[in-house]
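Okay, thanks for making time, everyone. I'd like to walk you through one structure today, from the outside view down to a couple of single residues. Have a look at it first.

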Amino acid sequence: AIVASDKSLVIEQDRTIGKGGFCWDPGFILGQHFLSMLPTIKKSDGNRINGILELGSGPGVAGLMAAQALPDVPVHLTDLPEVLPLLQRNVAALPNASASTLRWGTTPATSQSSLSPKYDVILGGDVVASIYSTSALIQTLRDMSHADTWIVISVRDRLASTIEPFEAEMRRLFQYVDRCAPQSDLKTPNVFIFVAHGKKEEGGDAQQQ
């Protein structure tokens, strides 16, 4: 079990599906940091959050922490098809949580899926890495966000060659981009939080000098 707020969450893991079947420190760190940001996010969004999306959820640690803390907010968790059965079992305990497949870079028609057109918050735990497509991730972040969306991602500081291009492109597409130390009980080395807000309008996102 992992502790979220004043309650506990029992989250199933599945070693048979590999890395995506385990709970990792960056997911818990992301969940705690997001909860610490709630006053700021609610203030900027008129004290309301209408929908949260988690990318690369795995067992769903951060998304489930968000769903438990915000029972009136729909939280949608996503991952690849091989992870979905595990994710669906884990979201079943929380009525405001749901799950589906989402392959980055290919946003499905919302009329044919459980995804909403845009989300107020997008979470991602350890999703910036050399084994994932940075361009596909950025496309999905852009497709699923609106002008006031908050993007909160936990990142393991591995390779500058992966993180720096991601950060540069996010700075091109969003008004506010920042790296910060995690607000979490876990003090895992080399993990930081990446926050973006204020998506620029189409055609108004020329490369900053």
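**A walk through the fold**

So, to start with the chain as a whole: of its 209 residues, 51% are buried. Keep in mind that this is a predicted model. The accessible surface comes to about 10000 Å², and 51% of that belongs to carbon and sulfur atoms. If you take the contacts between residues at least 6 apart in sequence, 69% of them join residues at least 24 apart.

What's it built from? We have 5 helices and 9 strands. Going along the sequence, the pattern reads β-β-α-β-α-β-α-β-β-α-β-α-β-β.

Now the sheet. It's an open one with 7 strands, in the order 5-4-3-6-7-9-8, and the pairing is mixed. At the edges sit strand 5, residues 97-101, and strand 8, residues 174-180, each of them pairing on one side only. From one strand to the next, the twist averages 15°.

Let's go to the strand 5 end. Strand 4, residues 75-79, runs parallel to strand 5, and 5 bridges join the two. To find that pairing on screen, look for aspartate 79, whose bridge partner in strand 5 is threonine 101. Helix 3, residues 84-91, packs on the sheet here, touching strand 4 and strand 5, and its direction makes about 170° with that of strand 5. Another pair to click on is leucine 77, which stands opposite alanine 99 in strand 5. The chain gets from strand 4 to strand 5 through helix 3, and that β-α-β crossover is right-handed.

On its other pairing, strand 4 runs parallel to strand 3, with 3 bridges joining them. Leucine 77 shows up again here, as the bridge partner of glutamate 54. The route from strand 3 to strand 4 goes through helix 2, again as a right-handed β-α-β crossover.

So is strand 4 enclosed or open to the outside? It's largely enclosed by the rest of the structure, because 5 of its 5 residues are buried. As a reminder, in a regular strand the side chains alternate between the two faces of the sheet. Here both faces are covered: Val75, Leu77 and Asp79 are buried on one side, and His76 and Thr78 are buried on the other.

Moving along the sheet, strand 6 and strand 7, residues 145-156, run parallel and are joined by 6 bridges. Valine 121 has tryptophan 150 in strand 7 as its bridge partner. With helix 4, residues 134-143, these strands make a right-handed β-α-β unit. Then the direction flips: strand 7 and strand 9, residues 191-199, pair in the antiparallel sense over 7 bridges. Serine 154, for instance, stands opposite isoleucine 193 in strand 9.

Okay, what about the inside? The largest nonpolar core has 35 residues, and those touching the most other members are Phe34, Ile49, Ile52, Leu64 and Leu123. Which element gives the most to this core? That's helix 1, with 8 residues. There's also a second, separate core of 26 residues, including Ala136, Ile138, Phe192 and Ala196.

From the largest core, let me pull out isoleucine 52. Leaving aside residues up to four places away in sequence, isoleucine 52 touches a whole list of residues, among them Phe34, Leu70, Val75, Tyr119 and Leu123.

Two more residues, and then I'm done. Isoleucine 153 lies in strand 7. Its relative accessibility is 1%, so it counts as buried. Beyond its neighbours within four places in sequence, isoleucine 153 is in contact with residues including Leu30, Leu141, Phe166 and Phe192.

The other one is aspartate 126, in the loop between strand 6 and helix 4. Buried or exposed? Aspartate 126 counts as buried, because its relative accessibility is 7%, and the cut-off for buried is under 20%. What does it touch, not counting residues up to four places away in sequence? Lys19, Pro26, Tyr132, Ser154, Arg156 and Arg158. Take proline 26 from that list: it is 100 residues from aspartate 126 in sequence, yet the two sit 5.9 Å apart in space, C-alpha to C-alpha.

That's my tour, so over to you for discussion.

Conventions:
Residues are numbered from 1 along each chain as its sequence is written. This is a predicted model: local features need pLDDT of at least 70, side-chain atom pairs count only at pLDDT 80 or more; totals for chains, interfaces and linings use all residues. Side-chain values use heavy atoms; hydrogens and water are left out. Two strands pair if DSSP finds at least two bridges between them. Helices (H or I, at least four residues) and strands (E, at least two) are DSSP runs, numbered from the N terminus. Axes are lines fitted to C-alpha atoms, for helices over the stretch in contact, and angles run from 0 to 180 degrees between N-to-C directions. Contact means heavy atoms within 4.5 Å. A crossover is right-handed if, with the strands pointing away from the viewer, the path from the first strand over the helix to the second runs clockwise. A nonpolar core is a set of buried Ala, Val, Leu, Ile, Met, Phe, Trp, Tyr and Cys residues joined through side-chain atoms within 4.5 Å. Buried means under 20% relative accessible area, exposed over 50%, partly exposed in between (1.4 Å probe, protein chains only). Accessible areas come from the Shrake-Rupley method with a 1.4 Å probe; for residues, only the protein chains shown count as cover.
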